[in-house]
Amino acid sequence: MSAMSEIPLPQAAKRVVPWWLLRHETMLAVILLIALIGLGGLNSRFLTLDNLLNQGRLTTEVGLIALPMTFIIITGGIDLSVGSIVGLCAILLGYSWKVFGFPLPLAIGFSLLVGATAGFLNGIVITRVKVPPLIMTIATLALYRGLAEGISQARSVRGYPEWFYFVGQENLFGVPAQLWLLLIAIVVSAIVLDRTTFGRTLYAIGSNETAARFSGLPVDRVKLIIYTLSGLMAGISACVLVSRVTTTRSDMGIGYELDVIAAVVLGGTSIFGGVGTIWGTVVGLAMIQLLKNGLALTGVKGDATIVVIGTVLILSTLVAGSLQRRREGV
């Protein structure tokens with residue numbers, strides 16, 4: 001069982017090179033640094049503090065979902081429904097407040113409950129009915145988006161109280177308020193994954209699920225928890241997103257699943273399970289957002305940016321697959 005994605009090298013080289021330089025995350029951070037310097041040289045606005053903080057603000061919604069997605073992919077699973085859960089939670093936040101007459105704090109709680117329930121439904125079918133995660137979450141991707149569109153009837157909700165916009169639009173100690181939320185979630189997730197029995201159980205499930213079951217680990221319960229957590233974080237992401245853009249629409253969160261999975265896999269988490277870190281996901285997240293912003297500032301159009309991101313993801317997957325085969329001695 002390996003928690004870290006280490007670059008395979010001959011033993012003699014490993015004795016000379018510091019261990020932290022052999023980490024996939026370190027290699028990715030170096031690439032990110034080079035990309036930052038290069039893009040900063042092409043556009044003077046790119047490396048300003050205001051621009052970097054604004055990119056942190058924009059990436060928070062995806063980042064909140066990427067953390068539990070790291071847990072899920074480490075176990076060998078996947079959740080493609082997170083973008084649709086964001087859309088469903090956003091719609092129910094707006095409609096429970098505007099149409100049903102809920103006080104806004106109660107509407108926020110209701111929206112989070114819906115998100116957690118949507119994730120729980122994914123988890124219960126995956127663990128009890130043994131439907132593969134890919135199939136189950138593709139089905140609920142369509143189901144949750146359809147519910148969001150059916151409830152909204154293509155209408156949006158606006159006019160929230162001013163206090164609701166604090167999380168999405170204001171700063172706290174000079175830093176975007178939602179970025180503090182993301183930082184706290186990152187630290188908590190990293191501690192859970194690196195320092196707790198729960199985190200070690202995730203790696204055990206991803207390395208060999210059958211062996212984990214025979215070892216007496218609560219495999220189904222752990223999977224149920226992480227899929228429910230994924231839905232809950234998608235609900236939090238929806239609230240932050242609505243607070244930032246000041247409106248509620250049923251198409252919110254479309255494409256989030258691709259950005260989230262791209263960040264997690266780019267960060268070194270193996271799509272085959274058993275390997276990955278929160279810090280790798282954070283670097284992957286930063287790389288994708290800053291590449292998008294840097295390319296946009298240098299005049300690259302949106303479609304070309306998507307091509308570049310897709311190419312980076314394919315290369316990352318090929319490198320990760322190659323490293324996996326070398327570790328296994330194939």
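Exposed here means over 50% relative accessible area, buried means under 20%, and partly exposed is the range in between. Keep those cut-offs at hand for this tour of a predicted model.

**Stop 1: the whole chain**

Start with everything shown as cartoon. The protein has 14 helices and two strands. Of its 330 residues, 50% are buried. If you like contact maps, here is a number to go with yours: among contacts with a separation of 6 or more, 75% are between residues 24 or more positions apart.

**Stop 2: the two strands and F173**

Now select residues 171–172, which are strand 1, and 175–176, which are strand 2; F173 sits in the loop between them. Is F173 buried or exposed? Its relative accessibility is 74%, over the 50% cut-off, so F173 counts as exposed. Check its backbone as well: phi of F173 is near 55°, a positive value in a residue that is not glycine. That is worth a look because most residues other than glycine have a negative phi.

**Stop 3: Q153**

Another residue with a positive phi is Q153, again not a glycine, with a value near 55°. To find Q153, go to the loop that links helix 6 (133–152) to helix 7 (166–169).

**Stop 4: S81 and its partner**

Next, select S81, in the loop between helix 3 (49–74) and helix 4 (82–98). Its relative accessibility is 0%, so S81 counts as buried. Show side chains and draw a distance to N122: the side chains of S81 and N122 are joined by a polar contact of 2.9 Å. Which other residues does S81 touch, once neighbours within four places in sequence are set aside? Besides N122, they are T137, T140, L141 and Y144.

**Stop 5: helix 5 against helix 11**

Select residues 104–129 for helix 5 and 219–245 for helix 11. The two pack at an angle of about 150°, and their axes are 7 Å apart. With that angle, helix 5 is roughly antiparallel to helix 11. The crossing of helix 5 past helix 11 is right-handed. Colour this contact by residue type and you should find eleven nonpolar, nine polar and three charged residues.

Stay here and pick out one residue from each helix:

- S111, in helix 5, is buried, with a relative accessible area of 0%. Leaving out residues up to four places away in sequence, S111 touches C89, L93 and C239.
- I236, in helix 11, counts as partly exposed at 23% relative accessibility. Beyond residues up to four places away in sequence, I236 touches L64, L112 and L181. Try a C-alpha to C-alpha distance from I236 to I65: the two are 8.8 Å apart in space but 171 residues apart in sequence.

**Stop 6: helix 13 with helix 2**

Hide the previous selection and show helix 2 (residues 24–42) with helix 13 (residues 278–297). Their packing angle is about 20°, and the axes are 10 Å apart. Helix 2 and helix 13 are therefore roughly parallel to each other, and helix 2 passes helix 13 in a left-handed crossing. For a stick view, select E25, L28, A29, I31, L32, L36 and L39 in helix 2; in helix 13 they meet W279, G280, V283, G284, A286, M287, L290, L291, G294 and L295. By type, the residues of this contact are 13 nonpolar, three polar and one charged.

**Stop 7: helix 13 with helix 3**

Keep helix 13 on screen and swap helix 2 for helix 3. Helix 3 and helix 13 pack at an angle of about 140°, with 9 Å between their axes. That angle makes helix 3 oblique to helix 13. Which hand does the crossing of helix 3 past helix 13 have? Helix 3 passes helix 13 in a right-handed crossing.

Among the helix 3 residues to show here are N51, Q55, T59, V62, G63, A66 and F71, while those in helix 13 include I278, T281, L285, Q289, L290, N293 and L297. How many charged residues does this contact hold? None: the contact of helix 3 with helix 13 has ten nonpolar, eight polar and no charged residues. Before you close the viewer, leave L290 selected: this helix 13 residue is in the contact with helix 2 and also in the contact with helix 3.

Conventions. Residues numbered from 1 in each chain as written. Predicted model: local features only at pLDDT ≥ 70, side-chain atom pairs only at ≥ 80, totals over all residues. Heavy atoms only, no water. Axes fitted to C-alpha atoms, helices over the stretch in contact; angles between N-to-C directions. Helix = DSSP H or I, 4+ residues; strand = E, 2+ residues; numbered from the N terminus. Parallel < 35°, antiparallel > 145°, perpendicular 65-115°, else oblique. Left-handed = near helix turned anticlockwise from the far one by under 90°. Nonpolar A, V, L, I, M, F, W, Y, C, P; charged D, E, K, R; others polar. Buried < 20%, exposed > 50% of the residue type's maximum accessible area, 1.4 Å probe, protein only. Polar contact = N/O pair within 3.5 Å; in protein donor to acceptor, adjacent residues only side chain to side chain. Contact = heavy atoms within 4.5 Å.
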